[in-house]
Amino acid sequence: MLKIKILGAAAGGGFPQWNCHCDNCRKAWANNPDAIARTQSSLAISVDGDNWFLLNASPDIRQQIQTNPCLHPKQGKRHSPIKGVILTNADVDHIGGLLTLRESQPLALYATQRVINVLGENSLFNILNPNYVARRKLPIDQKTELCFQDGQNSGIEIELFPVPGKIALYLEDETAGANFGSVPEDTVGIKVTARDSKKSFYYLPGCAALPPDLAERVRNSDLVFFDGTTWVDDEMIETGCGVKTGQRMGHMCMAGPAGSIQAFAELNIKRKVFIHINNTNPVLLENSTERAITNKAGWEIGYDTMEVIL
Ligand code: MLT
Ligand code: MN
Ligand code: ZN
C-alpha cells in the first residue's frame, strides 16, 4: 500500500491569501461554497498508515496536522507520526513549516545538496537541533530508501530529478542573467515508490516546462501531482495581483498550446491531479468554465484532505 494525503493544495500564500482581495479570494473570505479554502503546498505519504513523511513543509503545517488525525501524536508524552520531510526546493511555502517542527523531535530531513546548503546558510533553521534532526543530502536521479532518524528503513523509496524551474525568490541574483543564478538542483520533482508493492507516483509542485525527457519519465505512470499555479501565464497581471508571469516565477500554466493540459494529453497517465494552485487561478472555483475544461481533459483539482491509495 502507498497512502497519499494532500495536506495543502494551494500555492504560496494559500487560498485565500492574507492580503488578497481578488475575485477568487473575496469569495473564499466570504465562505462561498464555490471557493473552498486551501492551505499551502504539501503532501503526506505512508506505507503503513502509522509512519508518515511529508513532501515539503508548508507554513500552514500546524493547521494541516490538526486537520489530519493521522498526524496527531499517538503515544507517550512526546510523539509524532511525522518521521521526516523531503523538500523539492527552498521556497518559503515549502520550508517555512520546518520551523514549526522544532521541540527536539527526531526527524529526517532530505533534500538536494543545494537546498540543504540554503538551510545551512540561514541560521534560523538551527532551531532544528542537529542532535534530533538529521539533514540528508540526496543525489539526483538515484533511488534511495527513506530512513527514520534512527536509521531504520521506512519502506518508501524516493528518487529526485531536476525539473525546469527557478531558484527561490529570496535568493534571486539579478546580475546572474535570465535564470537569476538557478542551477538544476534548485527545483526537483520526486518519484515515490513503495518498496514492497512497487506502487509509485510523481510529485512536481513547481515545474516551468515539460521537455521531452521529463514527459518520457512520467509517461504511462499511475499518478502525477503537477504544478497548477496559474491557468494562463499572465494571470497575476490580468487579475491585478502582481507584475510577474507564471514563467517568471518558474511555473508552467495549465491552458493553451504551451500549457500543461496539452503537454500531458498523450502521456497515458492514469490519474492527474493539479496541486500548488495559486489563489488567482479560476479552476479553484467549483463552477468555473476553466474547472469544467480541466476536468474534461482528465485532470482533478487537488483539495486539502484529498486521499489517494495506490
Ligand atoms: C513559487 O512557487 O513561485 C514561490 O513559492 C513563490 C514564493 O516564494 O512566494
Ligand atoms: Mn510555491
Ligand atoms: Zn487572491
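**Strand pairing, metal site, salt bridges and pocket**

Strands β10 (residues 200-204) and β11 pair in the parallel sense, with three bridges between them. The model is predicted. Within this pairing, Tyr203 has Phe225 of β11 as its bridge partner. The connection from β10 to β11 involves helix α5 (residues 212-218), and the three elements make a right-handed β-α-β unit.

Strand β11 spans residues 223-227 and is mostly covered. Five of its five residues are buried. β11 also runs parallel to strand β12 (residues 271-275), to which five bridges join it. Here Asp227 is paired with Ile275 of β12. β11 is thus bridged to β10 and to β12. In general, side chains of a regular strand alternate between the two faces of the sheet.

The manganese ion (ligand 2) has two protein donors, Asp93 through OD and His276 through NE2. They lie 2.0 to 2.2 Å from the ion. The pair links distant parts of the chain, with the two positions 183 residues apart in numbering. Asp93 belongs to helix α3 (residues 92-95). His276 sits in the loop between β12 and α8 (289-296). Asp93 and His276 are both buried.

The salt-bridge count comes to 14. One of these joins Arg217 and Asp141, whose closest N and O atoms are 2.7 Å apart. This contact also links distant parts of the chain. Arg217 is in helix α5, whereas Asp141 is in the loop between β6 (133-137) and β7 (144-147), 76 residues apart. Arg217 has a relative accessible area of 29% and therefore counts as partly exposed. Asp141, at 42%, is likewise partly exposed. The two residues are further linked with Glu159 in a network of salt bridges. Helix α5 thus holds Arg217 of this network and takes part in the β-α-β unit.

A salt bridge also forms between the side chains of Arg195 and Glu145, at 2.7 Å from N to O. Again, distant parts of the chain are linked, the residues being 50 apart. Arg195 lies in the loop between β9 (188-194) and β10. Glu145 lies in strand β7. The relative accessible area of Arg195 is 29%, so this residue is partly exposed.

A further salt bridge pairs Arg291 with Glu286, the closest N and O atoms being 3.2 Å apart. The partners fall into separate accessibility classes. Arg291 is buried because its relative accessible area of 9% falls under the 20% cut-off. Glu286, at 29%, is partly exposed.

The largest pocket holds about 730 Å³ of space. Its lining comprises 35 residues. Gly12, Asp93, Leu169, Met249 and His251 lie nearest the centre of the pocket. Helix α3 gives the most to the lining, with three residues. Asp93, a residue of α3, is therefore found both among the protein donors of the manganese ion and among the residues nearest the pocket centre.

Key
Residues are numbered from 1 along each chain as its sequence is written. Chains are lettered from A and ligands numbered from 1 in the order in which they are written. This is a predicted model: local features need pLDDT of at least 70, side-chain atom pairs count only at pLDDT 80 or more; totals for chains, interfaces and linings use all residues. Side-chain values use heavy atoms; hydrogens and water are left out. Buried means under 20% relative accessible area, exposed over 50%, partly exposed in between (1.4 Å probe, protein chains only). Helices (H or I, at least four residues) and strands (E, at least two) are DSSP runs, numbered from the N terminus. Two strands pair if DSSP finds at least two bridges between them. A crossover is right-handed if, with the strands pointing away from the viewer, the path from the first strand over the helix to the second runs clockwise. Donors are N, O and S atoms within 2.8 Å of the metal (3.2 Å for Na, K and Ca); water is not among the atoms, so sites may look incomplete. A salt bridge is a side-chain nitrogen of Lys or Arg within 4 Å of a carboxyl oxygen of Asp or Glu. On a 1 Å grid over the protein atoms alone, a cavity is a set of points where a 1.4 Å probe fits but cannot get out, and a pocket is an open set with protein on both sides within 12 Å along at least five of seven lines; lining residues have an atom within 4 Å of a point. Grid points are joined across faces, edges and corners, and a volume is the space filled by probe spheres set on the points.
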